[in-house]
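Me: I would like to go through this model by asking why each label applies. Please set the values against the definitions.

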Amino acid sequence: MLLSRRLAAAVLLALALAPLQAATLLVNARVHTMDPARPEATALAWDGEGRLLAVGTTAELQEKFAGAESVDAHGATVIPGLIDAHGHVLGLGMVRGQADLVGVHSKAEIVQRLKDFAAKLPKDAWLLGRGWDQNLWPDKQFPSAADLDLAFPDRPVFLERIDGHASWANTAAMKKASKPLDGDWQPDGGRIVRVGTRATGVLIDGAQPLVGNAVPPRTPAQTREMYRTAFKELVAQGLTGVHDAGVSLDDFRVLQQMAKAGDIPLRLYEMADGNHAALEWLCMQGGQWIDDSGRLRMHTVKLYMDGALGSRGAALLQDYSDDHGNRGIFVTSPEDYRVAVEKAHKCGVQVATHAIGDRGNRMVLDTYQAALGKDAQGDHRWRVEHAQILALDDIPRFAKLHLIASMQPTHATSDMPWAAQRLGIDRLKGAYAWQRFLHEQVPLAFGSDFPVESPNPMLGIYAAITRQDLKGQPPGGWLPDQKVSRIQALAGFTRTAAYAAFMEREVGMLKEGMRADFVVLNADPLTIPPRQVADLKPLSTWVDGKAVYEAGKADAAR
């Protein structure tokens, strides 16, 4: 009997000590936890499952977890894993295999880049690219098929604009359209740019699939490789999570297979791509689905209300200041949009809607209010993606409806050279209005909208705190009263982004019981000069207590 009691006591002692023996420590760090209860620390401890056991000083944790394996940070700064609240993961992988047209300042330079890229392609392959922006060109006018035809008379060329809301095709590509592009008709939710009745080669929003659907489809193997390319880049930027804004059911199936194989190194919060098969499947799951690993989940549908400001597709309450008679486009008809929102609400699915213009945002707010009814006061956390231009009296409605503003700081600094031309001065008061949202206590989740912008979150933090370009222009920042503090910017990429995905008890802070997702940086974003924030580099990125990226190493652990 005495032996049995001793054995039982030994077993209980072993169980009690097991977490201590399995612990791993990160010591000698400067930790910004983003936990208001304990904002600073010098050490972390986590268990074999990647859950934080303690956050404290190096001396405290070394004493508490004596003999535990430890990683010495050598004084480096540690922050919670960064979360991009709006990106396009597959899109990033796709563009890395296409012609890069970002930042090109003339059509002639674009043609040269395309020639260089085409030299590596099979003779009969489509020439695809992304990133052109007519606002950077001397004439600032949309291009035409004729600009491409001389260099590419036979090979189909299809080039997405930087924002993804317009495409530029050559004549060979237009010949493969699903229906003739000439005439006086327009597709639903889009516009074919024409001179008279002749299509010029530029297709806006809902017109893009007329040619885009003729591009040969990807195989599942190609999709997997594109995801791997994107994952590698994202973790190298210090991202431990992405809210993936729109995925088809077929592509989600590929991600499910990758998650099962342990082939996803960061947390993906997937949004179904509109009122299609992925939403149907999600509704059949009861409105949410989470992989056993915790790396892949879906609980949201991504809908589109309007287009983009750069291509004059954002829906405005008044005419564009530089295009009289044009008030933009509803990419989704208000009736179809209402049906999709009500369907998601019935299924218990979080709704996230792309809305850029003040008219687009108002339509979203009106539809949300009608669909939610008394449930508007519940914990639904519906989102407006971009929330870029608002009538000032619509901003308080976000708080009343308990919505989240999912915004991208680098959109402001990319658009500031020409936004006033599109909108005029008065409408800028409600444009990229981060502080106005925060004043109304609206949760502000930050992202990048990659590959529209760079996935580097340090560029987003820099843009948020300065509202300047990388040359420090304009002095003092553009519309500087809307700048945010460093803590507010970091919160947008950590704890508020986590909240926007119902994950605030798992990630977004470094706190006992939460996941050991963190980034080790080469300098402190809260103390270095503002311009240096843009140049910060991760030394390592950790998910579930495992390094998924280490600077200088070709392959990271998963």
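Reply: Two strands count as paired if DSSP finds at least two bridges between them. Strands (E, at least two residues) and helices (H or I, at least four) are DSSP runs, numbered from the N terminus. The model is predicted, with local features needing pLDDT of at least 70 and side-chain atom pairs pLDDT 80 or more, while totals for chains, interfaces and linings use all residues. Residues are numbered from 1 along each chain as its sequence is written, and side-chain values use heavy atoms, without hydrogens or water.

Me: What makes E11 and E12 a pair, and which residue in E12 is the bridge partner of Glu160?
Reply: DSSP gives 3 bridges between E11 and strand E12 (residues 166-169), in the antiparallel sense. The rule asks for at least two, so the two strands count as paired. Ser167 in E12 is the bridge partner of Glu160. The two strands form a hairpin with 4 residues between them, and in its turn Gly164 has a positive phi of about 75°.

Me: How do you know that E10 pairs with E11, and in which sense do they run, parallel or antiparallel?
Reply: Strand E10 (residues 127-132) is joined to E11 by 5 bridges, and the two run parallel. That meets the minimum of two, so they are a pair. One bridge links Gly129 to Leu159 in E11.

Me: Why is E11 called mostly covered?
Reply: Buried means under 20% relative accessible area, exposed over 50%, and partly exposed in between, with a 1.4 Å probe and protein chains only. In strand E11 (residues 157-161), 4 of the 5 residues are buried.

Me: In what order do the strands of this sheet stand, and why are E9 and E13 said to be at the edges?
Reply: The order is E9-E10-E11-E12-E14-E13, an open sheet of 6 strands with mixed pairing. Strand E9 (99-100) and strand E13 (190-195) each have a single partner strand, so one side of each has no neighbour in the sheet. E13 pairs with strand E14 (residues 198-205) over 5 bridges in the antiparallel sense, and Gly190 has Asp205 in E14 as its bridge partner. Helix H4 (residues 107-118) packs on this sheet and touches E9, E10, E11 and E12. The direction of H4 makes about 145° with that of E10; angles run from 0 to 180 degrees between N-to-C directions, and axes are lines fitted to C-alpha atoms, for helices over the stretch in contact.

Me: What makes Cys283 and Cys347 a disulfide?
Reply: The rule is a pair of cysteine sulfur atoms within 2.5 Å. The sulfur atoms of Cys283 and Cys347 are 2.1 Å apart, so the pair qualifies. The count by this rule is 1 disulfide. The link has 100° about the S-S bond and is right-handed. It joins distant parts of the chain, 64 residues apart: Cys283 lies in helix H10 (residues 277-284) and Cys347 in helix H11 (residues 334-347).

Me: How do you know that the length of H12 agrees with what it should span?
Reply: The expected span is 1.5 Å times one less than the number of residues. Helix H12 (residues 358-372) has 15 residues and should span 21 Å; its end C-alpha atoms are 21 Å apart, which agrees. Its buried residues include Asp358, Asn361, Leu365, Tyr368 and Leu372. Contact means heavy atoms within 4.5 Å. Among the elements covering the buried residues of H12 are H11, strand E19 (350-355) and helix H15 (419-427). Just after H12, Gly373 has a positive phi of about 55°.

Me: Which residues touch the most other members of the largest nonpolar core?
Reply: A nonpolar core is a set of buried Ala, Val, Leu, Ile, Met, Phe, Trp, Tyr and Cys residues joined through side-chain atoms within 4.5 Å. The largest has 103 residues, and Leu255, Leu309, Tyr368, Phe398 and Phe437 touch the most other members. Apart from it lies another core of 21 residues, including Trp132 and Val193.

Me: Why is Thr410 counted as buried, and why is Tyr499 counted as partly exposed?
Reply: Thr410 has 11% relative accessibility, which is under 20%, so it counts as buried. Tyr499 has 29%, in between 20% and 50%, so it counts as partly exposed. Thr410 is in helix H14 (residues 409-415), and Tyr499 is in helix H19 (residues 495-500). Not counting residues up to four places away in sequence, Thr410 touches Ser448, Glu453, Leu459, Gly460 and Ala463, and Tyr499 touches Asp379, Arg381, Ile404, Pro443 and Glu504.
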